[in-house]
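Please take a moment to look over the sequence and the 3D structure below, and then follow the paragraphs that come after them.

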Amino acid sequence: KELSVLMVTHSMHQVLLMGSRTLMFNEGKIVLDFQGNERKKLNEEELLKIFKQKINEEYTGDEFILNN
């Protein structure tokens, strides 16, 4: 049998240490989905960098500045 477990954490160390798939959310929406070799190649710094780039794409100009 296969088992699925959902772990919610803000620790990038735990994210990469456990599991085989990583979903990252922003404002209740999935913005990144890593699994397989793509996930195995990531380290904590790269994961945060990619996440920050992705969420910055969703905001433009003053809207981003005002929300942070």
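A good place to begin is Arg39, here written R39, in a model that is predicted. Leaving aside its neighbours within four places in sequence, R39 is in contact with V15, L16, M18, G19, S20, R21, T22 and F34. The residue itself is found in helix α2, which covers residues 36-40, and its side chain reaches the backbone oxygen of G19 at 3.2 Å. What is the nearest side chain of opposite charge to R39, and how far away is it? It is that of D33, at a distance of 8.1 Å, and R39, although buried, has no salt bridge. A salt bridge requires a side-chain nitrogen of Lys or Arg within 4 Å of a carboxyl oxygen of Asp or Glu, and R39 does not have one.

With that residue in mind, we can step back to the chain as a whole. The chain contains four helices and two strands, and, read from the N terminus on, its elements follow the order α-β-β-α-α-α. Of its 68 residues, 21% count as buried, and the chain exposes about 5,900 Å², of which carbon and sulfur atoms supply 52%. If we consider the contacts in the chain with a separation of 6 or more, residues 24 or more positions apart account for 32% of them.

The two strands deserve a careful look. Strand β1 (residues 21-26) and strand β2 (residues 29-35) pair in the antiparallel sense, and six bridges are found between them. One of the residues involved is M24, whose bridge partner in β2 is L32. In a regular strand the side chains alternate between the two faces of the sheet. Which side chains of β1 point to the face where they are buried? They are those of T22, M24 and N26, while R21, L23 and F25 point to the other face and are not buried.

Between the two strands lies a loop, and E27 is found in it. The hairpin of β1 and β2 has two residues between the strands, and the phi of E27 is near 50°, which is a positive value in a residue other than glycine. Is E27 buried or exposed? With a relative accessible area of 62%, E27 is exposed.

The strands also bring us back to the subject of charge. Side chains of opposite charge can pair when their charged atoms come close. The structure holds one salt bridge, and R21 forms it with D33, the closest N and O atoms being 2.6 Å apart. R21 lies in strand β1 and D33 in strand β2, so this pair ties together parts that are 12 residues apart in sequence. Both partners are partly exposed, R21 having a relative accessibility of 47% and D33 a relative accessible area of 33%. D33 is thus a residue met twice in this account, because it forms the salt bridge with R21, as a carboxyl oxygen within 4 Å of a side-chain nitrogen is what such a bridge requires, and D33 is also the nearest side chain of opposite charge to the buried R39.

Let us now return to helix α2, where two further residues can be set beside R39. N37 has its place in this helix, and at 55% relative accessibility it counts as exposed. The C-alpha atoms of N37 and S20 are separated by 9.8 Å, although the two residues stand 17 residues apart along the chain. K40 also lies in helix α2, and K40 is exposed, with a relative accessible area of 68%. For K40 and L17, which are 23 residues apart along the chain, the C-alpha atoms are separated by 9.8 Å.

The last stop is helix α3, which spans residues 44-57 and in which L48 has its place. At 35% relative accessibility, L48 counts as partly exposed. How far apart are the C-alpha atoms of L48 and M12? They are separated by 7.7 Å, while along the chain the two residues are 36 residues apart.

Key:
Residues are numbered from 1 along each chain as its sequence is written. This is a predicted model: local features need pLDDT of at least 70, side-chain atom pairs count only at pLDDT 80 or more; totals for chains, interfaces and linings use all residues. Side-chain values use heavy atoms; hydrogens and water are left out. Buried means under 20% relative accessible area, exposed over 50%, partly exposed in between (1.4 Å probe, protein chains only). Lys and Arg count as positive and Asp and Glu as negative; His and the chain ends are not counted. A polar contact is a pair of N or O atoms within 3.5 Å; within protein, one must be able to donate a hydrogen and the other to accept it, and residues adjacent in sequence count only if both atoms are side-chain atoms. Contact means heavy atoms within 4.5 Å. Two strands pair if DSSP finds at least two bridges between them. Accessible areas come from the Shrake-Rupley method with a 1.4 Å probe; for residues, only the protein chains shown count as cover.
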